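Trainee: I'd like a close look at one part of this model, the aromatic pairs, and then at the sheet around them. Can you walk me through it?

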Amino acid sequence: MSTIHTALNVSAGIDKNVAVSEEKKASSLDEKLLAAGVSSEALTEAYSTKSKGGAGFFELLIRKKAIDEIPLLRIFSEHFSIPFWRELPMESINIDFTQSVPIHYLKKHKMVPIITAETQVIAVNDPANFQPADDLRLLLKTQKLPMVLATQDAITAAINLAYDMSRSSAKDYFEEMSEATADDLISEISETADLLDETSDAPIIKLVNLLVSGAIKDRASDIHVEPYSGNLKIRYRIDGILYDILSLPRRIQSPLTSRLKIMAKLNIAEKRLPQDGRIELKIADRLVDVRVSVIPTAFGERVVLRLLDKSGNILLLSDLGMHDDRIKLLNRLIKSPYGIILVTGPTGSGKTTTLYAALSTINRPEINIITIEDPIEYQMDGVGQIQVNPKIDLTFAAGLRSIVRQDPDVILIGEIRDRETAEIAIQSSLTGHLVFSTLHTNDAASAVTRLIDMGIEPFLVTSSIVAIIAQRLVRVLCLHCKEVYTPDEETLDNLGLNLSVLQNNTFYRKKGCNLCMQTGFRGRSAIFEIMVVDDNIRRLVLKTSDANQINELAVKQGMITLQQDGIQKVMAGITTTEEVLRVTRSLNRKDDIVQET
């Protein structure tokens, strides 16, 4: 083993004259690793591969799963007297190094300089990476950067944040931009190339990259490219609201649209018909699926890009903003052996997110879950997911007929759009499957009316539906700038409240700061109403499909409505009265009258 240890010492940059004296130190490292559970075979293989110029010693132990990363880093930290930082300080970080150090160099060697007012270090993942660290010091023209150890995830996050922050905004870049040539537009781009690595000098290519990466950074769900008579307007939809981001000259419209169509593999010569395509991009460590829709308008082609973050974490039920009592109720409902659970609401109200939170709760190896969606918005391990494709007649109904022959326990249908899909879903639930799906209705009670209007018999509705959940998304007040205020009597009356609530509750309103782009809001939370279809509601549905009567009975039985749930969030300081009224006003005729007057 001594020869291998000497090779390790030499490769780590230790002088040959002290290699023998370091032998004892290497042996103590072996002892620590063996005591931590690393097998002698894994240790021998790691040393052998390292001595032959293969992968790093650290990387091999992790790859072979001989030991977890954090315990290994702690051992190395103690052995080499290098501090281990579980988290890297990223506030007020100096990002000047991004101008001189390529991002791929740092990612390859798993290291990043952390330079703040209090800290100046190089965070590395492998303590034997002396040479790349020395080269980095030369690039930064400083030798005063000691090493600290950090996890791969922490280093990658720090790299991505630094280079993301260093990107120019599309608005800043356009001030230096000249009109692109045709040759600039035809440059090829790899579908999965990292936009933070993009160094192309083609002006239109750079502008498109800045627009997309800027949208991701600003948490936008859509990018709108809208041509008008005098200008080209760029808008982002952030937290459900459209914001003007950039106004460009009309001459930019044609090359910009062409660039987007090339990326989406659409016909750039066809400008008279609507077209749909998709782009798969990598923004830092996030995979983003971009759905591209192009339609012809009076002033040119209008493009809308829907951004779906495929690497986004799937939320848990507790992350959705539900009250504890409703989480317990929903937990009980989603563990039903069979039946249909419907989630209703308008487009963009978070229905799919709620369904996937439910699926993640019940997802276990002994349960077979299959979904059919359009599009697949989340990727979940252990779940079979089918993408609807009308071009080859793979519709919701056609896919659902095949799914039931795959021995599923749980089925998720992206949306019930027609009678055929509804009938198959109901038959699936009646034959012992738990079915999740969505409908576009205003409230929970209206879902019953909608199904009956589709032609479903009332007795089938009552025998299959377990519960109906209606939801909306309200914007969450920015924690850094929200301010206390006293609402007037008219505002309280619109919410069905009286002045007495001011005695024991604090109301907040938006203000605006740099962290929330001066909007006063950052992020969204859902408000819910959950209507459990019990015997009383079943008997009523068999008599009438009137949504008002069904809703009244559900409320009498204790259902908390969307507006009541929204009021609870206002009282908790999460959102504002205006937000709750914005998303629930259409549910109350009195509120409609107030708005009109």
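**Aromatic pairs and the sheet**

Mentor: There are two aromatic pairs in the structure, and keep in mind that this is a predicted model. One of them is Phe76 with Phe80, an edge-to-face pair with 5.7 Å centre to centre and 70° between the planes. Both residues belong to helix α5 (residues 69–80), where they sit four residues apart, about one turn of the helix. Why would that spacing suit a pair? An α-helix has 3.6 residues a turn, so residues three or four places apart point the same way. As for burial, Phe76 is buried, at a relative accessible area of 1%, whereas Phe80 is partly exposed, at 34%.

The other pair is Tyr356 with Tyr378: the ring centres are 5.5 Å apart and the planes stand at 45°, so this one counts as tilted, which takes an angle that is neither under 30 degrees nor over 60. Here the pair links distant parts of the chain, with Tyr356 in helix α14 and Tyr378 in the loop between β11 and β12, 22 residues apart. Tyr356 and Tyr378 are both buried.

That brings us to the sheet. It's an open one with seven strands, running β12-β11-β13-β14-β10-β15-β18, and the pairing is mixed. At the edges you'll find β12 (383–387) and β18 (521–532), each pairing on one side only. From one strand to the next, the twist averages 20°.

Now look at the β12 end. Strand β11 (residues 369–373) pairs with β12 in the parallel sense, over five bridges, and Ile369 stands opposite Val383 in β12. Helix α14 (residues 351–362), the one that carries Tyr356, packs on the sheet and touches β10 (339–344), β11, β12, β13 (410–413), β14 (434–439), β15 (465–477) and β18. The direction of α14 makes about 165° with that of β14.

Helix α15 (residues 396–403) packs on the sheet too, touching β11, β12 and β13, and its direction makes about 165° with that of β11. Its buried residues are worth picking out on screen: Phe396, Ala397, Gly399, Leu400 and Ile403 are buried in α15. They cover an arc of only 165° around the axis, which puts them on the same side of α15. What covers these buried residues includes β11, β12, β13 and also α16 (419–430).

One last ring to find, away from the pairs: Lys482 lies over the face of Tyr508, 4.4 Å from the ring centre.

Methods: Residues are numbered from 1 along each chain as its sequence is written. This is a predicted model: local features need pLDDT of at least 70, side-chain atom pairs count only at pLDDT 80 or more; totals for chains, interfaces and linings use all residues. Side-chain values use heavy atoms; hydrogens and water are left out. Two strands pair if DSSP finds at least two bridges between them. Helices (H or I, at least four residues) and strands (E, at least two) are DSSP runs, numbered from the N terminus. Axes are lines fitted to C-alpha atoms, for helices over the stretch in contact, and angles run from 0 to 180 degrees between N-to-C directions. Contact means heavy atoms within 4.5 Å. Buried means under 20% relative accessible area, exposed over 50%, partly exposed in between (1.4 Å probe, protein chains only). The arc is that of the directions from the helix axis to the C-beta atoms. Rings of Phe, Tyr and Trp (its six-membered ring) pair if their centres lie within 6.5 Å; planes under 30 degrees apart count as stacked, over 60 as edge-to-face and the rest as tilted. A charge sits over a ring if NZ of Lys or CZ of Arg is within 6 Å of the ring centre and within 35 degrees of the ring normal.
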